[in-house]
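Visitor: Could we go through this model together, beginning with its surface and then moving inside?
Guide: Certainly; here it is.
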Amino acid sequence: KVGVDGSDFERPMDAMVHAIGPDLVDAGGCNQGFVRDDAILVVTIITDEPDAHSPGAPDAWAEALIDAKLGNPDAIVVLGILPDGDLPQPTCMNEPIAAGSLSAFLDLFAASSRASVCESDYSPFFVDAVSVIGEACDDFVPIG
């Protein structure tokens with residue numbers, strides 16, 4: 001079921017950690033070649049839930065990404081379209097929902113951008129996201 005009426009048992013961070021984990025990215029895994037040493041890894045999280053169900057915490061999720069990029073946090077861009085209950089702006093939901101752990105995760109990366117899932121127009125977010133990605137690419141020096 002799509003939209004805002006589906007299950008609130010979303011686990012985007014668990015999915016991210018598994019997607020870049022060795023079981024899937026190493027030889028023979030279904031994501032083999034996805035995480036490349038010579039490229040920026042851009043993670044985009046789009047959710048209307050705070051992710052209260054993924055195991056771990058923001059620092060562990062960040063560590064999984066950094067490990068996947070050979071210890072280079074500058075090779076990662078994190079973008080988030082998230083609930084806005086912890087931002088100083090109006091909310092579109094009946095009850096404001098804070099994205100505390102997701103926000104904390106984004107804050108761990110210098111190259112990140114966030115917008116409210118409730119924005120009526122995501123254009124400004126995507127303009128900023130392209131800028132953040134461009135700057136990360138300009139500054140990127142591959143390790144390995």
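Visitor: How do the residues of the lining of the largest pocket divide into nonpolar, polar and charged?
Guide: The lining has nine nonpolar residues, no polar ones and three charged ones. Here Ala, Val, Leu, Ile, Met, Phe, Trp, Tyr, Cys and Pro count as nonpolar, Asp, Glu, Lys and Arg as charged, and the others, Gly among them, as polar. Please note that this is a predicted model, in which local features need pLDDT of at least 70 and side-chain atom pairs count only at pLDDT 80 or more, while totals for chains, interfaces and linings use all residues. Residues are numbered from 1 along each chain as its sequence is written, and side-chain values use heavy atoms, leaving out hydrogens and water.

Visitor: Which helix gives the largest share of that lining?
Guide: Helix H5 (residues 123–139) does, with four residues. The lining includes Val132, Glu135, Ala136 and Asp139, and the pocket has a volume of about 200 Å³. A pocket is an open set of points on a 1 Å grid over the protein atoms alone, with protein on both sides within 12 Å along at least five of seven lines; lining residues have an atom within 4 Å of a point.

Visitor: Moving inside, which residues of the largest nonpolar core touch the most other members?
Guide: Those are Ile45, Leu65, Val78 and Phe105, out of 21 residues in this core. Such a core joins buried Ala, Val, Leu, Ile, Met, Phe, Trp, Tyr and Cys residues through side-chain atoms within 4.5 Å, where buried means under 20% relative accessible area and exposed over 50%, with a 1.4 Å probe and protein chains only.

Visitor: And which element contributes the largest share of this core?
Guide: H3 does, with five residues. Helix H3 spans 58–68; helices (H or I, at least four residues) and strands (E, at least two) are DSSP runs, numbered from the N terminus.

Visitor: Which residues of H3 are buried?
Guide: They are Pro58, Trp61, Ala62, Ala64, Leu65 and Ala68. These residues lie on the same side of H3 because they cover an arc of only 155 degrees around the axis, taken from the directions from the helix axis to the C-beta atoms.

Visitor: What is on the other side of H3?
Guide: Asp59 and Asp67 are exposed there.

Visitor: What covers the buried residues?
Guide: The cover includes H1, S1, S2 and H4, with contact meaning heavy atoms within 4.5 Å.

Visitor: What does Phe105 touch?
Guide: Not counting residues up to four places away in sequence, Phe105 touches Met13, Met16, Ile45, Pro58, Trp61, Ala62, Leu65 and Val78.

Terms used
1 Å grid on protein atoms, 1.4 Å probe; cavity = no way out; pocket = protein on both sides within 12 Å on 5 of 7 lines; lining within 4 Å. Points joined across faces, edges and corners; volume = space filled by probe spheres on them.
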